[in-house]
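The following paragraphs lead the reader through a protein structure, strand by strand and contact by contact. Please keep the sequence and the model in view while reading.

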Amino acid sequence: GVRINEPDAQEVNFDLIPMDAVNRAELVRGPSAIFGKNSLAGSLLLFTDRGASKSETSADLDTGPYGYRSAHLKASGTAAGIDGLLTARLSEEHGWRDATDARTSMLFGNIGRKRDSSDVALSVMYARDKLFEAGSLPESYLAASPRINYTPGDFFQPEVFDLALRGQRYLGGGQLSGNLFWRRNDYEQYNGNVLPPNSDGFVRNLSAGGLAEWTRLTRIYGLAATVTVGAEYSHANVGYRFLAVARRGVPADSGDLADLGCVVPSGLCTDVRTREDNAALYAQSAISFTRALSMTVAVRGDYVRLPITDLLDAAYSGINSYWRPSPKIGINYRPSDEVRAYAAFNTGFRAPAALELSCADATAPCSLPFALGADPPLKPVTVLDYEAGIELDPASRTNLAMSAFLSDVRNDILFVQPTATTGFFQNVARTRRAGVDLSGAVGLPSGLRAYGSYSYVAATYRTTVQLASALDDEPPVQPGDRLPNSPAQRASAGLDFRRAISRSVLEAAIELHGVSGQYMRGDEANVHPELPGYAVTDVRLIGHLPHATLRAYVTNIFNRRYSNFGVYAQNVKGPLNGPPPSDPGDAPVERFLTPGQPRMFVLSIGVEQ
């Protein structure tokens, strides 16, 4: 019940998720009244482990190329009715691209007590990482070597403290559940620029809140029903401090500072604070007409207040408020355990994030991340989603799932990038995502299983709009043009094997993943050729021995070279190892591509007690 989206930009830092403690994950498709704002396409639920009924301890050591090594420790157990879990993780690597060292560390603990009528648990997490980054490369550089780092020295360094108390008990004929959380994420983001100055950003995300939810079985007009009502509130304090520097800790030259409107001599360019309030009420009822047929209806009301305070110039301060009801209705049909079908109409809502609101002026694009302030307001994003599907389980180890969906998006928020170093966010009145998903598995003799999935998603503009681009002659977007960086087709297929051998178990799998072509950012009108699609093959082999586990993973086993992202931008460095252009404004526009990871293998040994 606690969101892990960070308040500053609503992004998720996947390196800060305690995956060693995650027991299972569930995907809730489409917008959801229960999970609220930002669940426009779905919600990913991660459930952490609790302490085992008997004491268990395990440790894993991993190694791989480019200096990769990691250690994982997990211990759990129960004593005097109190269950506890502790996980620890350390890792480091040099990275397969130049100047991409990474170090991660995380400590996660869970302690709780379960009784017949109640359950309470407290989670505590601390994490600190330092990740050096490499961005996209001009296509001419990529042809020479995908390992080149265009601007070495960029890094992201977060430090997170997280507390979450959750519990449930029977009350008033139903079950009352809730949580309280507190989270702090302080991070530094350093960006080295080709043209001076560089930027050094310091962001503090401090958030706290809680949720209360009550569920009861009842009858509505004689029909069995489950009714849920809930409320939640959270408050976030976010502070942004961005400095223009010659190098880390050294302010930029006064001339550069004056051009950017930054403070001399400190180099402080942005000092912005936001204090965001989020409140919501929701209700949901699942009504059973027959043993096979049921209906779910729900509604949620969200309120978001987001004031922006500019501590350098009060004239750039402002307040943004949003309120939106989000209804939902769905039908479920389950004539047997082997057949399930559904159809749903969902609505969703997303308020602009503080970072988007602070950089939304087309007449003054942000020299990201220097220039933040209260720009013209952005409208909230809303979604009307229609979806239907069927799931079949005709035999043991065999299943098939099919679904189709159409999501009409109003006031989509897109990042528009007229140059390599400036950009802004803007609303686009109408966009659409429509498509189908297919997945299935077939059990085969001798412990074999074949499985696969296919998705087709047409992500398109549904309005005419001129979007800024590094390309001088880019025409307006027309209805039907595809959104950039959105492949229409994705597919995967695999074959796995599991066999018990004496007291051991052997597992093996080979998987093929394919992605179709995509248009690049800056070519929203779909004038230029697509970035080609690609396919890679992964292999894994796992041996479970008494008190030990051996693992071997190989990704991209055939070492395919491919790119998974592209943007048009000026190459202000000029040709590789050649002189830069005398005037950076005259630098040629090139395709900047992000290379995919080459062949990588990881060997792991784990011991259990």
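A suitable place to begin is the pairing of Pro138, whose bridge partner in β27 is Phe592. The model in which this pairing appears is a predicted one. The pairing of β8 with strand β27, residues 589-595, is antiparallel and comprises two bridges. These strands belong to an open sheet of three strands, arranged in the order β8-β27-β26 with antiparallel pairing. Its edge strands are β8 (137-138) and β26 (563-570), each of which pairs on one side only.

Attention may now turn to strand β28. Strand β28 (residues 600-608) runs antiparallel to strand β3 (residues 56-63), and six bridges join the two. Within this pairing, Ser58 has Glu608 of β28 as its bridge partner. Strand β28 is also joined to β25, again in the antiparallel sense, by eight bridges. Here Leu550 stands opposite Ile605 of β28.

Strand β25 covers residues 548-555 and includes Thr549. Is Thr549 buried or exposed? With a relative accessible area of 2%, Thr549 is buried; the cut-off for that term is under 20%. Leaving aside residues up to four places away in sequence, Thr549 touches Ile542, Gly543 and His544, as well as Ser604, Ile605, Gly606 and Glu608. With Glu608 there is also a polar contact between the side chains, at 3.2 Å. Glu608 therefore appears twice in this region, as the bridge partner of Ser58 and as the polar partner of Thr549.

A further set of antiparallel pairings involves β14, β15 and β16. Strand β14 (residues 268-288) and strand β15 (residues 293-310) are joined by 15 bridges and run antiparallel. A hairpin of four residues connects β14 to β15. In this pairing, Ser285 has Val297 of β15 as its bridge partner. On to strand β16 (residues 318-336): 16 bridges join this strand to β15, also in the antiparallel sense. The bridge partner of Asp302 in β16 is Arg324. Asp302 also takes part in a network of salt bridges that links it with Arg3, Glu232 and Arg300.

One member of that network, Glu232, leads to Asn179. Although 53 residues separate Asn179 and Glu232 along the chain, their C-alpha atoms are 9.4 Å apart. Asn179 lies in strand β10 and is buried, its relative accessible area being 9%. Beyond residues up to four places away in sequence, Asn179 touches Gly1 and Val2, Leu165 and Arg166, and Gly209, Gly210 and Leu211.

The salt bridges deserve consideration as a group. Side chains of opposite charge can pair when their charged atoms come close. A search of the whole structure finds 31 salt bridges. In one of them, Glu92 is joined to Arg69, with the closest N and O atoms 2.3 Å apart. Because Glu92 belongs to strand β5 (residues 82-93) and Arg69 to strand β4 (residues 69-79), this pair ties together parts that are 23 residues apart in sequence. Glu92 is partly exposed at 28% relative accessibility, and Arg69 is partly exposed at 45%.

Another salt bridge brings together the side chains of Glu391 and Arg340, with an N to O distance of 3.0 Å. Glu391 lies in strand β18 (residues 381-395) and Arg340 in strand β17 (residues 339-350), so parts 51 residues apart in sequence are tied together by this pair. Glu391 counts as partly exposed, at 32% relative accessibility. The side chains of Glu507 and Arg498 likewise meet in a salt bridge, at 2.6 Å from N to O. Glu507 has a relative accessible area of 21% and is partly exposed.

Finally, which residues form a nonpolar patch on the surface? They are Ile82, Ile111, Val120, Leu122, Val124, Phe161, Leu163, Leu165, Leu180 and Trp182, which together have about 790 Å² of accessible area. Two or more residues of the patch come from each of β7 (118-132), β9 (155-171) and β10 (174-191). Val120, which lies in strand β7, is partly exposed with a relative accessible area of 41%. Patch membership requires over 30% relative accessible area, so the 41% of Val120 satisfies that condition. Leu165, another residue of the patch, is also among the residues that the buried Asn179 touches.

Definitions and conventions
Residues are numbered from 1 along each chain as its sequence is written. This is a predicted model: local features need pLDDT of at least 70, side-chain atom pairs count only at pLDDT 80 or more; totals for chains, interfaces and linings use all residues. Side-chain values use heavy atoms; hydrogens and water are left out. Patches are made of residues with over 30% relative accessible area and no salt bridge: like charges are joined within 9 Å, nonpolar side chains (Val, Leu, Ile, Met, Phe, Trp, Tyr) within 5 Å. Accessible areas come from the Shrake-Rupley method with a 1.4 Å probe; for residues, only the protein chains shown count as cover. A salt bridge is a side-chain nitrogen of Lys or Arg within 4 Å of a carboxyl oxygen of Asp or Glu. Buried means under 20% relative accessible area, exposed over 50%, partly exposed in between (1.4 Å probe, protein chains only). Two strands pair if DSSP finds at least two bridges between them. A polar contact is a pair of N or O atoms within 3.5 Å; within protein, one must be able to donate a hydrogen and the other to accept it, and residues adjacent in sequence count only if both atoms are side-chain atoms. Contact means heavy atoms within 4.5 Å.
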